[in-house]
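Trainee: Could you take me through one part of this model slowly, starting with a helix and following what packs around it? I would enjoy one connected account.

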Amino acid sequence: MTQQNLPRPFPSPKVPETKPPQEKKLLDRYRDIIDLKHYSSRTGDTYIFWVKEFILFHNKRHPKEMGAPEINQFLTHLVTDKKISASSQNQALSAVLFLYRHVLHIGLDEASLSEFRPQRGKTEPTVLSKDEVKRVFQNMTGINKLIAQVMYGGGLRVMECMRLRVKDIDFDNHTIIVRDGKGEDDRITILADSVIEPLRLHLRYVKSSQRIC
């Protein structure tokens, strides 16, 4: 057999290059851990805002290169220059501490930061009278009125009411199960008599609308 008649060797298959997985960006990791710990989306957004502000204030230095002194500088700037409220000051400090504790796993001299944790003064809550509540409801209609009545009757927060499911409502016992409330605890509260029939009508309407669709 001549060399010209020799069979051609099969080309070796190309092995695809495997690239090492890219590490997530810092704020993406921050968001993942916020979600993992079941913080509300509103809290997550607020915390990420303050972490961004912290990084920008220090000319985009990586937080790994900073510590308590830089946090002190940032909070001093917020208090003296930005004139932020005590609640915003608390949020900013909590957001940055969360970054170091749970994302970077870097210990800080937190005792030096305690002065930036303002003590809120106790204030008496403003409570509407029954007549005032009645007038508020008289100026509301539809689903917004029903939501407000459920919240008022059972003492629910906005997000607690928005997360309610049909199975959380016990019409027979006039109760509502509030799941994952403040502190991630479940609790049972009152289903006011005045909202039982409107709520039943609303659920029937929603059910019939879904059938049509």
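Mentor: Happy to! One cut-off first: a residue counts as buried when its relative accessible area is under 20%. Keep in mind, too, that this is a predicted model.

Let's start with helix H1, which spans residues 26-36. Leu-26, Tyr-30, Ile-33 and Ile-34 are buried there. These residues lie on the same side of H1, because they cover an arc of only 105° around the axis. And what covers them? Helix H2 (41-57) and helix H4 (86-103) are included in that cover. After H1 comes His-38, with a positive phi near 60°.

From here we can step into the largest nonpolar core, which has 28 residues. Tyr-30, which we just met among the buried residues of H1, is one of the core residues that touch the most other members, together with Phe-54, Ile-71, Phe-74, Leu-99 and Tyr-100. At least two residues of this core come from each of H1, H2, helix H3 (68-80) and H4. H4 is the biggest giver, with 9 residues.

Two of those well-connected residues deserve a closer look. Leaving out neighbours within four places in sequence, Phe-54 is in contact with Pro-63, Met-66, Glu-70, Ile-71, Phe-74, Val-96 and Tyr-100. That last partner, Tyr-100, sits in helix H4. Tyr-100 counts as buried because its relative accessibility is 0%. With residues up to four places away in sequence not counted, Tyr-100 touches Phe-54, Pro-63, Met-66, Gly-67, Ile-71, His-105, Ile-106 and Leu-108. For a backbone distance to check in your viewer, try Tyr-100 and Lys-64: they are 36 residues apart along the chain, and their C-alpha atoms are separated by 8.4 Å.

Let me round this off with the second largest pocket, which holds about 290 Å³ of space. Its lining has 14 residues, and those closest to its centre are Ile-147, Cys-161, Leu-164, Leu-199 and His-202. Helix H6 (142-154), helix H7 (158-162) and helix H8 (193-212) each give two or more residues to this lining. The largest share, 4 residues, belongs to H6. By type, the lining divides into 12 nonpolar residues, 1 polar and 1 charged.

How values were computed: Residues numbered from 1 in each chain as written. Predicted model: local features only at pLDDT ≥ 70, side-chain atom pairs only at ≥ 80, totals over all residues. Heavy atoms only, no water. Buried < 20%, exposed > 50% of the residue type's maximum accessible area, 1.4 Å probe, protein only. Arc of directions from axis to C-beta. Contact = heavy atoms within 4.5 Å. 1 Å grid on protein atoms, 1.4 Å probe; cavity = no way out; pocket = protein on both sides within 12 Å on 5 of 7 lines; lining within 4 Å. Points joined across faces, edges and corners; volume = space filled by probe spheres on them. Nonpolar A, V, L, I, M, F, W, Y, C, P; charged D, E, K, R; others polar. Core = buried A, V, L, I, M, F, W, Y, C linked by side-chain atoms within 4.5 Å.
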